[in-house]
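The following exercises introduce a reader to a protein chain. Each task is followed by a solution in steps.

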Amino acid sequence: MTLLFLGALTTTIEAISGVEAKDISNWYLDDRSTSDGSYEEEAEDKKETFRILGLTFKTMNTEQTVATKVSSSVETVNHDVPLEEAFDWSKYPTKKVVATGYTAGIESTGKQPDHPSYGITYSGVKVKRDLYSTVAADPNVFPIGTILFIPDYGYGVVADTGSAIKGNRLDLYYETVKEVYASWGKKQLDVYVIQMGDGKLTDEQLESLNNDKSMQVFRQKYIKNKTKS
């Protein structure tokens, strides 16, 4: 039994400390041949040393448990932070704009759902309300494809234009008129320019932005809130 116990103990120590079993064995047996006959006394010393090793092993296990708890706690807090507080937006240039809301419906575009270009933006991309939503802007200010962060709305990708959207104005896409009035209306605010566009945008690019793995925690929160409303 004693040999089995020592075998298990040395294997465990090897795994957590990097000390190989043969080193432990050599250390345990190295001076038996040089003993002057007081072997029993030396054996007692060995037992005491192994007892200390056991206490050290327990202490190491305790420290690992504490570190895991701290890590989990930080991760949970990060997930609860809203998008507006999750990043340092101050590193991006800002632009003061007047932002309104619009839909794909007749009240905003004059088009019925059976119109062939219903829901199709100037860029050719379909309107979308998601983590990255389509917005309309003056392409002389924000070229098609420009990515903005709009506080209390989310990311807006310039995909559309409008006869009334000139200068520092934005029109934010919503799926219903009710959402436009309940969630936005009309606001003057600073938006953050994340990336200027090159005049083009495709559905694939918009889909890629919304499927970015690093942003899914925020996208799922958006989808969850959307389902509730």
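**Exercise 1.** Does S133 count as buried or exposed, and at what relative accessibility?

*Solution.* The model is a predicted one.
Step 1. S133 belongs to strand β2, which covers residues 132-137.
Step 2. Its relative accessibility is 0%.
Step 3. The cut-off for a buried residue is under 20% relative accessible area, and S133 therefore counts as buried.
Step 4. Beyond residues up to four places away in sequence, the residues that S133 touches are K128, Y153, Y155, G156 and V157.

**Exercise 2.** Describe the order of helices and strands in the chain, and state what part of the chain is buried.

*Solution.*
Step 1. The chain contains eight helices and six strands.
Step 2. Along the sequence these elements appear as α-α-α-α-β-α-β-β-β-β-α-β-α-α.
Step 3. The chain has 229 residues, and 31% of them count as buried.
Step 4. Its accessible surface is about 14,600 Å², with 54% belonging to carbon and sulfur atoms.
Step 5. Among contacts in the chain with a separation of 6 or more, 70% are between residues 24 or more positions apart.

**Exercise 3.** Locate T103 and list the contacts of its side chain and of the residue as a whole.

*Solution.*
Step 1. The loop between β1 (94-102) and α5 (106-109) holds T103.
Step 2. T103 has 2% relative accessibility, so this residue counts as buried.
Step 3. A polar atom of the T103 side chain lies 3.1 Å from the backbone nitrogen of G105.
Step 4. The side chains of T103 and E107 are joined by a polar contact of 2.3 Å.
Step 5. With neighbours within four places in sequence left aside, T103 is in contact with S108, T109, Y173, Y174, E175, T176, V177 and V180.

**Exercise 4.** Where is D152 found, and is D152 buried or exposed?

*Solution.*
Step 1. D152 is in the loop that runs between β3 (147-150) and β4 (154-160).
Step 2. The relative accessible area of D152 is 57%. The cut-off for exposed is over 50%, and D152 is therefore exposed.
Step 3. The backbone of D152 has a phi near 70°, a positive value in a residue other than glycine.

**Exercise 5.** Characterise the largest pocket by volume, by lining residues and by the elements that supply them.

*Solution.*
Step 1. The volume of the largest pocket is about 630 Å³.
Step 2. Its lining has 23 residues, and those closest to the centre are R129, Y153, Y222, N225 and K226.
Step 3. Two or more lining residues come from each of α4 (83-86), α6 (177-184) and α8 (216-228).
Step 4. The largest share is that of α8, with five residues.
Step 5. By class, the lining of the largest pocket comprises ten nonpolar, four polar and nine charged residues.

**Exercise 6.** Give the corresponding description of the second largest pocket.

*Solution.*
Step 1. The second largest pocket holds about 340 Å³ of space.
Step 2. Its lining is made up of 19 residues, with Y102, S108, T109, D160 and T161 nearest the centre.
Step 3. This lining divides into eight nonpolar, eight polar and three charged residues.
Step 4. The solution to Exercise 3 can now be recalled: S108 and T109 are among the residues in contact with T103, and S108 and T109 are also among those nearest the centre of the second largest pocket.

Conventions: Residues are numbered from 1 along each chain as its sequence is written. This is a predicted model: local features need pLDDT of at least 70, side-chain atom pairs count only at pLDDT 80 or more; totals for chains, interfaces and linings use all residues. Side-chain values use heavy atoms; hydrogens and water are left out. On a 1 Å grid over the protein atoms alone, a cavity is a set of points where a 1.4 Å probe fits but cannot get out, and a pocket is an open set with protein on both sides within 12 Å along at least five of seven lines; lining residues have an atom within 4 Å of a point. Grid points are joined across faces, edges and corners, and a volume is the space filled by probe spheres set on the points. Helices (H or I, at least four residues) and strands (E, at least two) are DSSP runs, numbered from the N terminus. Ala, Val, Leu, Ile, Met, Phe, Trp, Tyr, Cys and Pro count as nonpolar, Asp, Glu, Lys and Arg as charged, and the others, Gly among them, as polar. Buried means under 20% relative accessible area, exposed over 50%, partly exposed in between (1.4 Å probe, protein chains only). Contact means heavy atoms within 4.5 Å. Accessible areas come from the Shrake-Rupley method with a 1.4 Å probe; for residues, only the protein chains shown count as cover. A polar contact is a pair of N or O atoms within 3.5 Å; within protein, one must be able to donate a hydrogen and the other to accept it, and residues adjacent in sequence count only if both atoms are side-chain atoms.
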